[in-house]
Structure formats: structure tokens, C-alpha cells
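User: I am new to this structure. Please take me through one part of it closely, step by step.

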Amino acid sequence: MASPNKIPSPLTTLVPFISAEEAATMAYPPNALPGARDVETFYGTMRVYEWGPPDGEKVLFVHGDATPSLLFSKIAQGLVDSGHRVMLFDLWGRGYSDTPLGCRHDVRLFASQILLAVTSSPLSWVGGGNSFAIVAFSLGSPISLAFSGAFAESIKSLVLLGPAGLIRKLPESYEDQLIHHPELAPSQEALREKVRQVLGVAPFGPALNIQLGQKRGIPVEKGPSRVEKTFDMRGIVQWQFDHHQGHVRSFQDTVRYGPLQNTEDLWGKVCDIIAGRTRPDSPLHKSKLLVLFGETDDVVVGKETTEDILKLLPSDHLQVEYLPGGHGFPYPNSEKITQTILSFWGSKPSVP
């Protein structure tokens with residue numbers, strides 16, 4: 001079912017050519033989280049994680065443009081410990097998901113990936129009266145809004161962390177001519193260097209003993225039953241830049257075509273539902289939106305984004321919280337974010 005019109009992820013190009021011991025030392029090991037599965041689709045193969053009580057309230061996580069799904073690992077485990085069923089997945093061109101070719105890496109591609117993820121579950125996430133909550137970060141927010149607007153009957157709650165889509169001014173590096181017109185790059189190496197600068201990573205990270213001439217065939221150990229490990233987010237971004245052969249292509253195309261700005265239509269459609277103006281059939285109807293910002297985030301500026309959300313949504317349907325840190329605030333604040341989400345949902349944290 002998988003199309004050849006793709007750039008394979010490190011699951012194909014890296015993991016078979018290193019030892020299981022070395023794979024375990026990587027910033028993003030292939031068995032990092034519980035419930036891993038690799039789902040073949042017409043765009044390529046995507047990595048999905050799902051665990052927690054089968055009868056628990058369901059929560060889907062959608063990450064941003066640079067850091068893959070491990071960003072949510074601690075928050076997800078916290079929700080599982082409180083009785084929820086969680087699902088995380090790597091967006092195309094990130095982590096252990098392939099990079100589709102022949103299509104723009106825009107909101108339509110990524111929003112449709114949510115449907116591919118939830119329908120890969122052995123449980124029913126959509127249809128038949130089923131619904132789930134979404135927790136999204138940065139780029140993942142407008143992606144989730146697009147999905148929620150199209151499948152409003154399936155979404156019961158939205159929690160957005162440092163949400164993109166209403167950014168008034170992108171970081172200067174995102175506006176670079178080579179990012180928006182890669183055909184002007186004198187070489188692929190020049191484009192790769194530009195993306196490296198945007199990501200803020202080193203030219204090369206820790207070396208691995210890769211034996212491309214011979215597949216080692218050592219099976220990767222099964223993932224853990226729960227998340228105990230702390231991951232290095234910057235190390236993961238470096239690993240992804242070094243070892244995901246399609247990441248530069250996808251990141252550049254996402255900055256060029258993705259929903260980072262000017263998505264008032266996506267926001268407005270969902271805000272209309274939350275405010276009770278449309279879609280009385282949706283669990284989101286007459287509900288509330290939770291948005292969290294980093295206090296010193298200069299990418300998604302909390303004050304500006306809140307002002308723009310309030311143009312679309314009455315204040316009594318919006319809860320805004322601030323946490324320490326810049327745009328990378330979610331992972332260091334995982335415990336506080338989990339507590340805030342559970343309080344917002346009217347749940348109480350459980351001790352595992």
C-alpha cells in the first residue's frame with residue numbers, strides 16, 4: 001500500500017543498519033514509547049503510539065514543525081495515569097514517519113494524517129457517537145483546528161499549547177528566500193544549511209556506527225509499558241536533522257505552505273462552534289477553549305495571539321494560562337500542563 005513516491009524515515013534508512021544497543025542510545029530510540037505501531041498509508045508509513053485503558057476517555061496529541069511526538073510523552077503518561085487512552089503520532093517528515101513527495105506539506109496533508117492515525121486504532125475513535133479530545137502544540141494547533149472544523153462531531157475538547165496560525169510576524173529566518181523558493185538554492189547542501197540555521201542545530205550530532213552494506217537484523221526491543229524516561233528535546237531535533245533524510249524537504253515545505261499564519265478561517269470555524277453559533281451536533285458546541293503560552297515565547301506571542309482569538313471567540317469561552325519558558329515551554333512544564341488539562345476537564349490527577 002505504501003507509495004514509492006516518498007523519502008523513507010530512519011526506521012528504514014537507519015535502524016536496520018545499527019545495533020540494537022546503539023539504537024537504544026539515540027536521542028529518539030525506535031522503541032521510545034509504549035504502544036508503537038507503524039501504519040502503512042498511501043502517503044508512506046507513519047509512526048503511531050497508543051496506550052492507556054481501552055475504555056478511557058480518548059486524547060490525541062498533535063506536535064509542531066520541529067520536535068516529533070516525544071514532546072508529549074510525559075503529558076500523555078500523566079493522562080494515562082488518570083485513566084485516559086492516549087494516541088501520539090509523528091507528522092510526515094518527522095520522527096519515524098516518512099516524507100511524502102509529489103504533494104505540498106500543507107494543512108490538508110497533515111490534517112488528513114489525523115484521520116489516518118485514529119482509524120488505525122483497534123478501538124473506535126470516530127463514528128458511532130465516539131469522540132476524543134485533542135492536545136496540540138504550535139503547528140499542530142491549526143492542523144487540529146482544520147480537522148476539528150471538518151469532523152466537529154468527533155471532537156469533544158481542544159487544548160492548544162503555543163498555537164500557531166495567528167502569528168503576526170514569523171521569525172526572520174522563516175522568511176528567508178531559500179526557504180520559500182528552494183529552486184533558487186545553488187545546491188541541496190545550501191538548502192540543508194539554511195534549514196539547519198533555522199532549526200538552530202549543529203552541522204553534525206553524535207556519530208553512529210552505521211553499516212549500510214549489511215542489515216544487522218537485530219530486533220528492536222519492545223517499548224516500555226509506561227513512560228519513565230526523560231528525553232532531550234534539542235537532541236531529538238539534532239537527531240532528526242542528521243538522520244531523517246526527508247526532514248529538510250518537509251520542514252522547508254511546511255514553512256512555505258503550512259498553516260503558520262493567516263488561518264483566521266480555520267480558527268473562526270471552530271470558534272463559532274465553541275461559542276455555540278454553529279454545529280449543535282458537536283461536543284464542542286457551547287464549550288470552552290484552553291490555550292497555554294510560554295511567558296517569554298517570542299515566536300507565538302501570548303498577548304498578541306490572545307487578542308486575535310478574542311476577535312473570534314467571546315472571553316467566557318476562553319481560558320488562557322501562562323507557563324515559564326519560551327516556545328519550547330511544553331516539555332519542561334509537562335507536569336503543570338497535565339494538571340491544568342485535568343483541572344480544565346474536571347478530572348483529578350491520579351497517583352500511579
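**Strand 3 and its surroundings**

Analyst: Start with one facing pair: Arg37 stands opposite Val48 in strand 3. This is a predicted model. Val48 has a partner in strand 5 as well, and that bridge partner is Phe89. So what holds for the strands around this residue? A general point helps here. Strands in a sheet pair through backbone hydrogen bonds, and the pairing is either parallel or antiparallel.

Take the strand 2 side. Strand 2 and strand 3 are antiparallel, paired over 6 bridges. The link between them is a hairpin, with 2 residues joining strand 2 to strand 3.

Now take the strand 5 side. Strand 3 covers residues 44-51, and strand 5 covers residues 85-89. These two also run antiparallel, joined by 4 bridges.

Is strand 3 largely enclosed or open? Count its residues: 8 of the 8 are buried, so strand 3 is largely enclosed by the rest of the structure. Buried here means under 20% relative accessible area.

Step back to the whole sheet. It is an open sheet of 8 strands, and its pairing is mixed. The order is 2-3-5-4-7-8-9-10. Strand 2 (36-41) is one edge, and strand 10 (318-323) is the other. Each edge strand pairs on one side only. On average, neighbouring strands are turned by 20° against each other, direction ignored.

A helix lies against this sheet. Helix 4 (residues 107-118) packs on it. Helix 4 touches strand 2, strand 3 and strand 5. It also touches strand 4 (58-62) and strand 7 (132-137). The direction of helix 4 makes about 130° with that of strand 5.

For contrast, look at a pair of helices. Helix 7 (residues 188-199) packs with helix 8 (residues 233-243) at an angle of about 175°. Their axes are 11 Å apart. An angle over 145 degrees counts as roughly antiparallel, so helix 7 is roughly antiparallel to helix 8. Helix 7 brings Arg192, Arg196 and Leu199 to the contact. Helix 8 brings Arg234, Val237, Phe241 and Asp242. By class, this contact has 3 nonpolar and 4 charged residues, with no polar ones.

Back to the starting point: Val48 faces Arg37 and has Phe89 as its bridge partner in strand 5.

Key:
Residues numbered from 1 in each chain as written. Predicted model: local features only at pLDDT ≥ 70, side-chain atom pairs only at ≥ 80, totals over all residues. Heavy atoms only, no water. Pairing = 2+ DSSP bridges. Axes fitted to C-alpha atoms, helices over the stretch in contact; angles between N-to-C directions. Contact = heavy atoms within 4.5 Å. Buried < 20%, exposed > 50% of the residue type's maximum accessible area, 1.4 Å probe, protein only. Parallel < 35°, antiparallel > 145°, perpendicular 65-115°, else oblique. Nonpolar A, V, L, I, M, F, W, Y, C, P; charged D, E, K, R; others polar.
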